[in-house]
Amino acid sequence: MIQAGDPTSKNTMMTAVYGGTNAGEPVPAEIRPELFHHRGALAAARAGDDVNPERESSGSQFYIVTGQIQTDSLLQARSQNGAALSTKREAVCRTLGGTPHLDGAYTVFGRVTRGMKTVEKIHQVPTDYKDRPRRDIFIKSVTVKRR
């Protein structure tokens, strides 16, 4: 996946560590079983369960799932808390890819409808030992469509 939205990441040094700052207040979790971590899913980042047992979402940080095609062994190891995946979710994970081990733990609130090639290019950028891209990447524009 790729993650963005830390407000301190703009115009700062490449050696800075990101991910700990959020803009605005936390957002209550809206985890819905019909929205899951398939390739292209847009979800809210959050602090871990140890400091955030309510699983409140970040007020600014988000991630886009690039997904990995899931094999039998991966699906077995990564199914949600050991529970079996629905037939639909399993089919999506086997064909498009996903991250089923995140299902039920993070708020999924949208999906990429155009531009996954760009997401994939960002995902392929070399990163340092902290998973930070070795060169800055900027989001220039986003279009949001409501249903």
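Visitor: In what order do the four strands of the open sheet lie?
Guide: This is a predicted model. Its four strands form an open sheet with antiparallel pairing. Neighbouring strands are turned by 25° against each other on average, direction ignored. The order is β1-β3-β2-β4.

Visitor: Which strands stand at the edges of this sheet?
Guide: An edge strand has a single partner, so one side of it is left without a neighbour in the sheet. That applies to two strands, β1 (2-4) and β4 (108-111).

Visitor: Which residue in β3 is the bridge partner of Ile2?
Guide: β1 and β3 run antiparallel and are joined by three bridges. Ile2 has its bridge partner in β3, and that partner is Ile64.

Visitor: Is Thr66 buried or exposed?
Guide: Thr66 sits in the loop between β3 (62-64) and α1 (72-78). A residue counts as buried under 20% relative accessible area. Thr66 has a relative accessible area of 3%, so Thr66 is buried.

Visitor: Which side chain makes a polar contact with that of Thr66?
Guide: Leaving aside neighbours within four places in sequence, Thr66 is in contact with Met1, Arg39, Met116, Val119, Glu120 and His123. A polar contact of 3.4 Å joins the side chain of Thr66 to that of His123.

Visitor: Which residues make up the largest nonpolar core?
Guide: Seven residues belong to this core. One of them, Ala45, is in contact with Tyr63, among other residues more than four places away in sequence. The full set is Ala41, Ala43, Ala45, Tyr63, Val65, Leu102 and Val108.

Visitor: Within what arc do the buried residues of α2 fall?
Guide: In helix α2 (residues 87-95), Arg89, Val92 and Cys93 are buried. Seen down the axis of α2, these buried residues line one face of the helix, because they fall within an arc of 95°.

Visitor: Which exposed residues does the face of α2 turned away from its buried side carry?
Guide: An α-helix has 3.6 residues a turn, so residues three or four places apart point the same way. In α2, the face turned away from the buried side carries exposed residues. These are Thr87 and Thr95.

Visitor: Which residue with a positive phi follows α2?
Guide: The phi of this residue is near 105°. The residue that follows α2 is Gly97.

Visitor: Is Arg135 buried or exposed?
Guide: Arg135 lies in the segment after α3 (116-123). Its C-alpha atom is separated by 8.1 Å from that of Val125, 10 residues apart along the chain. The cut-off for exposed is over 50%. Arg135 has 52% relative accessibility, so Arg135 counts as exposed.

Notes
Residues are numbered from 1 along each chain as its sequence is written. This is a predicted model: local features need pLDDT of at least 70, side-chain atom pairs count only at pLDDT 80 or more; totals for chains, interfaces and linings use all residues. Side-chain values use heavy atoms; hydrogens and water are left out. A nonpolar core is a set of buried Ala, Val, Leu, Ile, Met, Phe, Trp, Tyr and Cys residues joined through side-chain atoms within 4.5 Å. Buried means under 20% relative accessible area, exposed over 50%, partly exposed in between (1.4 Å probe, protein chains only). Contact means heavy atoms within 4.5 Å. A polar contact is a pair of N or O atoms within 3.5 Å; within protein, one must be able to donate a hydrogen and the other to accept it, and residues adjacent in sequence count only if both atoms are side-chain atoms. Two strands pair if DSSP finds at least two bridges between them. Axes are lines fitted to C-alpha atoms, for helices over the stretch in contact, and angles run from 0 to 180 degrees between N-to-C directions. The arc is that of the directions from the helix axis to the C-beta atoms.
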